Amino acid sequence: MSAQFPVARPRRLRRTPALRRLVAETRLSPADLVLPMFVKEGIAEPNPIGSMPGIVQHTRDSLRKAAHEAVAAGVGGLILFGVPAVKDAVGSAADAPDGVVQTALRDLASDLGDSAVIMTDLCLDEFTDHGHCGIVTEAGEIDNDATLERYARIAVAQAEAGADVVAPSGMMDGQVAAIRRALDGAGYPELPILAYSAKYASAYYGPFREAAECAPQFGDRATHQQDPANAAESLREVRLDLAEGADMVMVKPAGAYLDIIRQVRDSVDVPVAAYQVSGEYAMIEAAAERGWVDRERTIDESLVAIRRAGADIVLTYWATEVAQRLAR
Ligand code: PBG
């Protein structure tokens, strides 16, 4: 065999860490990461979440501290989830001016100023006693349009408390339009909406339901969240949300839906976010704890894959840790 063969040697560019770094097509950057955070009303100490090692339900104070730490590491944004002390059928605490999320928003807005984007998950499931994302009829079904009225009020309450972005996650039809109209009417025409547009009815949300104490008391979310079998449907949801005024769109979960992230990225000209959800976090943490995978490498690979698939913004429970590691 001649010494010239083979001519093409892709391995040349993989030879050293410096070469590999130079030719890397995808990079992780703290600014692209958003940290989801849970804050619970009326607790004195942070409450660890069993199925999400390292993640807690924050007290008002521990939230401020953890948010500061995330922002100091360069994380681009935070997204808040609240667990109220009292729940009822219509989720009254979701839009109460002194509700747990609104209180946390005022704290963070004053602590952080413009140093990071403070987002809110806009939904009802954490606030309803039945754990559903909307108003439930006597027949046990979700009343789409009655739910929109609640979402509109929650959006305004979150805006008044200082949210920089609201992120509706309930998958009700027309939710983006209802929220846009409410925000505009209340004097917040410039407040952006990050729409959870392509949100699947996923088993990967399991640990979150412990974290946010919002497991549905009956039924499931399959009548509003998407069937994992479908892809074209996501493009329709995204198109509808953009027509209704969404400024950014989200795909959720991320790791099992990389094809959807790519298709959405190729079909729109707005920022695309992807949510690496609680179950994705729990699986890697659990396997790493047993020594079955290398924890840091698996985390980094999972995040690079989501960015490579086309996500501009990644919501991940590892945001602070990864941002700190990137800075080293
Ligand atoms: C709804 C909401 C959920 C998650 C984010 N927003 C739960 C659900 O739809 O059942 C899941 C996030 C995660 O699993 O990390 N408020």
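## Helix α10, the ligand shell and the annotated sites

Helix α10 comprises 15 residues (295–309), which at 1.5 Å a residue should span 21 Å; its end C-alpha atoms lie 21 Å apart, in agreement with that expectation. The model described here is predicted. The buried residues of α10 are Ile299, Leu303, Ile306, Arg307 and Ala309. An α-helix has 3.6 residues a turn, so residues three or four places apart point the same way. The cover over the buried residues of α10 includes α8 (258–267), α9 (278–289) and α11 (319–327), together with the strands β9 (272–275) and β10 (313–315). Just after α10, Gly310 adopts a positive phi of about 125°.

**Overall fold.** The chain contains 11 helices and 10 strands. Its radius of gyration is 21 Å, close to the 20 Å given by the globule rule for 328 residues, so the chain is as compact as a globular protein of that length. The C-alpha trace spans about 80 × 45 × 40 Å along its principal axes. Of the 328 residues, 46% count as buried. Among contacts with a separation of 6 or more, 74% join residues 24 or more positions apart.

**Ligand shell.** The residues around the ligand are Asp121, Cys123, Asp125, Ser169, Tyr205, Phe208, Arg221, Val277 and Ser278. By class, this shell has four nonpolar, two polar and three charged residues.

**Annotated positions.** In an unreviewed entry, UniProt lists Glu237 under "binding site". The same feature name is placed by UniProt, again in an unreviewed entry, at Ser278 and Tyr317. Ser278 and Tyr317 span 40 residues in sequence, yet their C-alpha atoms are no more than 7.7 Å apart, so they gather at one spot. The burial of the three annotated residues is tabulated below.

| Residue | C-beta neighbours within 10 Å | State |
|---|---|---|
| Glu237 | 22 C-beta atoms | buried |
| Ser278 | 25 C-beta atoms | buried |
| Tyr317 | 26 C-beta atoms | buried |

Glu237 is found in helix α7 (residues 232–243). Leaving aside neighbours within four places in sequence, Glu237 is in contact with Ser197 and Ala198.

Ser278 lies in helix α9 and is also one of the residues around the ligand. Beyond four places in sequence, the contacts of Ser278 are Met52, Tyr205, Gly206, Pro207, Phe208 and Ala211; Tyr205 and Phe208 likewise belong to the ligand shell.

Tyr317 is located in the loop between β10 and α11. Not counting residues up to four places away in sequence, Tyr317 touches Pro36, Met52, Ile55 and Tyr281. Met52 is thus a contact of both Ser278 and Tyr317.

Definitions and conventions:
Residues numbered from 1 in each chain as written. Predicted model: local features only at pLDDT ≥ 70, side-chain atom pairs only at ≥ 80, totals over all residues. Helix = DSSP H or I, 4+ residues; strand = E, 2+ residues; numbered from the N terminus. Expected span 1.5 Å × (residues − 1). Buried ≥ 20, exposed ≤ 12 C-beta atoms within 10 Å, placed from the backbone. Contact = placed C-beta atoms within 7 Å. Rg over C-alpha atoms; globule rule 2.2 N^0.38 Å. Near = placed C-beta within 6 Å. Nonpolar A, V, L, I, M, F, W, Y, C, P; charged D, E, K, R; others polar. UniProt positions renumbered as here; feature names shortened; annotations may be inferred.
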